[in-house]
Amino acid sequence: MKLNKIFKWGMLALILISVALLIWGFAQDFGGATVDTLLYWTYIMIGLALFCVIILGLIVGAKNDPKSLIKIGIILVGVAAVCLIAYLLAKGEPAMAYNGPAVSAGTLKLTDTVLNLTYIAGAAAIIAIIVGEIRM
């Protein structure tokens, strides 16, 4: 069987599983177990996507142009530096007027890091749009 057919059938299987889980979630009215299952499935799908982009991208890039690995390494170091900066800027303070269960300091730091990364990505997108329009 060709590799292309395997990928097509694999993608179809993942889509069908996703749709089945979504229908099951609606049927169960999104109770605690269904939400947890959907979240775990989301983690699996994100992991598969990252694997495909990073690992398979590295393999194809190395095969087509071995010098591209240096560029990819530089990009990964840059992304790691941005994540480190976002982590260092994260305060990790509890939300004001939060009445729910106590949240650990690590969780607060992580959520603030993700928020900082969102701000950085949003600002970068706006700057890219402005620079792109000016260049045109």
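**Reading helices and their contacts**

Colleague: I'm starting at Ala-97, which is found in the loop between H3 and H4. Is Ala-97 buried or exposed?

Modeller: Good place to begin, and do keep in mind that this is a predicted model. To read burial, take the relative accessible area and see whether it is over 50%. Ala-97 has a relative accessible area of 76%, so this loop residue is exposed.

Colleague: And what is the phi of Ala-97 near?

Modeller: Phi of Ala-97 is near 60°. That is a positive value, and Ala-97 is a residue other than glycine.

Colleague: Now the helices on either side of that loop. At roughly what angle do the axes of H3 and H4 cross?

Modeller: Helix H3 covers residues 68-89 and helix H4 covers residues 105-135. Their axes come within 8 Å, and the crossing is at roughly 125°. To put a word to such an angle, ask which range it falls in; here H3 is therefore oblique to H4. The hand of this crossing is right-handed.

Colleague: Which residues of H3 and H4 meet?

Modeller: For a contact, look for heavy atoms within 4.5 Å. On the H3 side you will find Val-82, Cys-83, Ala-86, Tyr-87, Leu-88 and Leu-89. Facing them in H4 are Lys-109, Thr-113, Asn-116, Leu-117 and Ile-120. Sorted by class, the contact of H3 with H4 has eight nonpolar residues, two polar and one charged.

Colleague: I was also looking at Leu-115. Where is Leu-115 found, and how is it placed relative to Tyr-87?

Modeller: Leu-115 is found in helix H4. With a relative accessible area of 41%, it counts as partly exposed. Leu-115 and Tyr-87 are 28 residues apart along the chain, and their C-alpha atoms are separated by 9.9 Å.

Colleague: What about H2 and H3: at roughly what angle do their axes cross?

Modeller: The axes of H2 and H3 cross at roughly 145° and come within 8 Å. H2 contributes Leu-58, Gly-61 and Ala-62 to the contact, while H3 contributes Ser-68, Leu-69 and Ile-72. The classes in this contact of H2 with H3 are four nonpolar, two polar and no charged residues.

Colleague: Ser-68 caught my eye there. Is Ser-68 buried or exposed?

Modeller: The cut-off you need now is 20%, with buried lying under it. Ser-68 lies in helix H3, and because its relative accessibility is 14%, it counts as buried. Leaving aside residues up to four places away in sequence, Ser-68 touches Gly-61 and Ala-62.

Colleague: As a biochemist I always check the cysteines. How many disulfides does the structure hold?

Modeller: The structure holds zero disulfides. Cys-52 counts as partly exposed, at 40% relative accessibility. Cys-83 also counts as partly exposed, at 32% relative accessibility.

Colleague: One more helix, then. How should I read separations in space for residues of H2, such as Ile-46 and Gly-47?

Modeller: Set the separation in sequence beside the C-alpha separation. Ile-46 lies in helix H2, residues 32-64, and is partly exposed with a relative accessible area of 45%. Ile-46 and Lys-63 are 17 residues apart in sequence and 25 Å apart in space, C-alpha to C-alpha. Gly-47 lies in helix H2, and its relative accessible area of 34% makes it partly exposed. Gly-47 and Thr-111 are 64 residues apart along the chain, with their C-alpha atoms separated by 19 Å.

How values were computed:
Residues are numbered from 1 along each chain as its sequence is written. This is a predicted model: local features need pLDDT of at least 70, side-chain atom pairs count only at pLDDT 80 or more; totals for chains, interfaces and linings use all residues. Side-chain values use heavy atoms; hydrogens and water are left out. Axes are lines fitted to C-alpha atoms, for helices over the stretch in contact, and angles run from 0 to 180 degrees between N-to-C directions. Helices (H or I, at least four residues) and strands (E, at least two) are DSSP runs, numbered from the N terminus. Angles under 35 degrees count as roughly parallel, over 145 as roughly antiparallel, 65 to 115 as roughly perpendicular and the rest as oblique. A crossing is left-handed if the near helix is turned anticlockwise from the far one by less than a right angle, and right-handed if clockwise. Ala, Val, Leu, Ile, Met, Phe, Trp, Tyr, Cys and Pro count as nonpolar, Asp, Glu, Lys and Arg as charged, and the others, Gly among them, as polar. Buried means under 20% relative accessible area, exposed over 50%, partly exposed in between (1.4 Å probe, protein chains only). A disulfide is a pair of cysteine sulfur atoms within 2.5 Å.
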